[in-house]
Amino acid sequence: MALKTARKQKPSRKSQSWATKLFKNPKAAFALVLILADALLVALIISYVPYTKIDWDAYMSQVTGFLQGERDYSNLKGDTGPLVYPAGFLYVYSAIQYVTGGEVYPAQILFGILYIINLAIILFIYVKTDVLPWWALILLSLSKRVHSIFVLRLFNDCFAMALLHAAVASVLCQHWHLGLVLFSGAVSIKMNVLLYAPSLLLLMLKAMDIRGVISALVGAAIVQILLGLPFLLSYPIAYVSRAFNLGRVFIHFWYFLFESIVQTFSKIILCTSILLLSVNFKFVPEPVFVSKQFAVSLLITHLGLLAAFAHCKWCKHEGGLLNFLRAKVLSIKQTSLLSGSSASSSKTLKGEHIMTTMFAGNFIGILCARSLHYQFYSWYFYSLPYLLWRTPFPTILRLILFISVEFCWNVYPSNIYSSGLLLCLHSIILWGLWAAPPEYPYMENKSSSREKHK
């Protein structure tokens, strides 16, 4: 009897130890309180703030065509135009239509739950990396615009970013293959997630050997193939050209590559509409905005900044980007010569290095974007506090920058002053990231640390 009672007491002790660990960590305890408080706020927003119809009807029209058996992407259309998202979008919104019956109010509840799940993932990332002070976690719940994007607009950006954040959390826990699968799923909903791809690839090369990198990439590719299989087997050209049209998705970068496809007149109309809807670059004259030179300059700036950060910041301790790539090639040759040796060049990366590299790489893409619509704020809002606390700025300046960015995104319609201020704020944050000293990216083994102390 005594043994039975002792066994019964063990689970309670474990639960007590888990609870004590949770509340001994002020960040974890505060994060839990923050989730509960934000859940109440989301419920109040859904109940009392009027819904704004933008893309919901178009989404439902596109999904209805898919559910009725249409597999030609050129025939899947809505009020806002043809379907331009990969197949994952259709599966997600088909499920939403099935659950909600296409009604807005139950869809808002579903998106409210998604908002809380996404916030929980983000808070897990922040608590695990331990970069922010506990009180600064509240910044993640203070965005009026992000709440609106999730529960008052129902954009597909919400699902894409929630999956992306889940992928980031998986990578943070060193589950690289799972992270790549989730990353590919996010890409299948909206392709803005590819802004994270250069940083993610660099981190994979650091953390895994070449076999691991290839297998992870193959897993991500298989996800895309399986999701797009019904369309690839029926109308492959229509699917690939519309769902993965980089000229549309990253129009601020590669639009000029597709110039021969689109007539000059229609291109000017499209770029003009983008300028009117954009939050940034409102101060740029329209002839400059629609010019090929402006697009090329942004593309060059984007690639140049990525190369500069990779060489001088992210690969600083490896001797720069070129030395790192050269060493990686040499290690590949050595492993091939050893013909199956168990030796591996992979190392365990610090969580802070992973997050700084991924968030900063995406932020560079945001800075160089020719057009940023209001829902695009969700692409980088949750990384802003992290990036600000990686700069050498004093806390008061970090808070001013955060509040000012939020202010710019809540000016509607945006104007030359708000867009000019937003560009200045982004530039200051990027300069702060550049000025911060690069940290050692790898976890030190106990054996190696002992050797250093000898």
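A crossing of two helices is termed right-handed if the near helix is turned clockwise from the far one by less than a right angle, and left-handed if the turn is anticlockwise. In the predicted model considered here, α2 passes α5 in a crossing of the right-handed kind. The axes of these two helices come within 10 Å and cross at roughly 160°. Because angles over 145 degrees count as roughly antiparallel, α2 and α5 are described as roughly antiparallel to each other.

The contact between the two helices involves an extended list of residues. On the α2 side, Lys 27, Ala 28, Ala 31, Leu 34, Ile 35, Asp 38, Ala 39, Val 42 and Ile 46 take part. Their counterparts in α5 are Tyr 105, Gln 108, Ile 109, Gly 112, Tyr 115, Ile 116, Leu 119, Ala 120, Leu 123 and Val 127. Classified by residue type, the contact of α2 with α5 comprises 15 nonpolar, 2 polar and 2 charged residues.

Helix α2 itself spans residues 26-48 and contains 23 residues. The distance from its first C-alpha to its last is 33 Å, close to the 33 Å expected at 1.5 Å a residue. Its buried residues are Lys 27, Ala 28, Ala 29, Phe 30, Ala 31, Leu 34, Ile 35, Asp 38, Val 42, Ile 45 and Ile 46. An α-helix has 3.6 residues a turn, so residues three or four places apart point the same way. Among the buried residues of α2 are Leu 34, Asp 38, Val 42 and Ile 46, and these residues also belong to the contact with α5.

Helix α5 (residues 104-129) is also approached by helix α4 (residues 87-100), with axes that come within 9 Å and cross at roughly 125°. That angle makes α4 oblique to α5. The crossing of α4 and α5 is right-handed. Tyr 93, Ile 96 and Thr 100 of α4 form the contact with Pro 106, Ala 107, Leu 110 and Phe 111 of α5. By class, 6 nonpolar residues, 1 polar residue and no charged residues make up the contact of α4 with α5.

Within α4 lies Phe 89, a residue that is buried, with a relative accessible area of 0%. When neighbours within four places in sequence are left aside, Phe 89 is in contact with Tyr 59, Gln 62, Leu 83, Asn 156, Ser 188 and Ile 189. The C-alpha atom of Phe 89 is separated by 9.4 Å from that of Gly 185, although the two residues are 96 residues apart along the chain.

Ser 184 occupies a position in helix α8 (residues 176-187). The relative accessibility of Ser 184 is 3%, so this residue counts as buried. Apart from residues up to four places away in sequence, Ser 184 touches Ala 220, Val 223 and Gln 224.

Helix α20 (residues 395-409) has 15 residues and reaches 22 Å from its first C-alpha to its last, close to the 21 Å expected at 1.5 Å a residue. The buried residues of α20 are Arg 398, Leu 401, Phe 402, Ser 404, Val 405, Glu 406, Cys 408 and Trp 409. These buried residues pack against α6 (144-153), α19 (384-388) and α21 (416-435).

Several backbone features occur in loops. In the loop between α20 and α21 lies Pro 413, and the peptide bond leading to Pro 413 from Tyr 412 is cis, with omega near -10°. Two residues other than glycine show a positive phi: for Asp 130 the value is near 60°, and for Gln 174 the value is near 70°. Asp 130 is placed in the loop between α5 and α6, whereas Gln 174 is in the loop between α7 (157-172) and α8. With a relative accessible area of 51%, Asp 130 is exposed; Gln 174, with 30%, is partly exposed.

At the level of the whole chain, the secondary structure comes to 22 helices and 2 strands. Of the 454 residues in the chain, 50% are buried. Among contacts between residues at least 6 apart in sequence, 77% join residues at least 24 apart.

Key: Residues numbered from 1 in each chain as written. Predicted model: local features only at pLDDT ≥ 70, side-chain atom pairs only at ≥ 80, totals over all residues. Heavy atoms only, no water. Axes fitted to C-alpha atoms, helices over the stretch in contact; angles between N-to-C directions. Helix = DSSP H or I, 4+ residues; strand = E, 2+ residues; numbered from the N terminus. Parallel < 35°, antiparallel > 145°, perpendicular 65-115°, else oblique. Contact = heavy atoms within 4.5 Å. Nonpolar A, V, L, I, M, F, W, Y, C, P; charged D, E, K, R; others polar. Expected span 1.5 Å × (residues − 1). Buried < 20%, exposed > 50% of the residue type's maximum accessible area, 1.4 Å probe, protein only.
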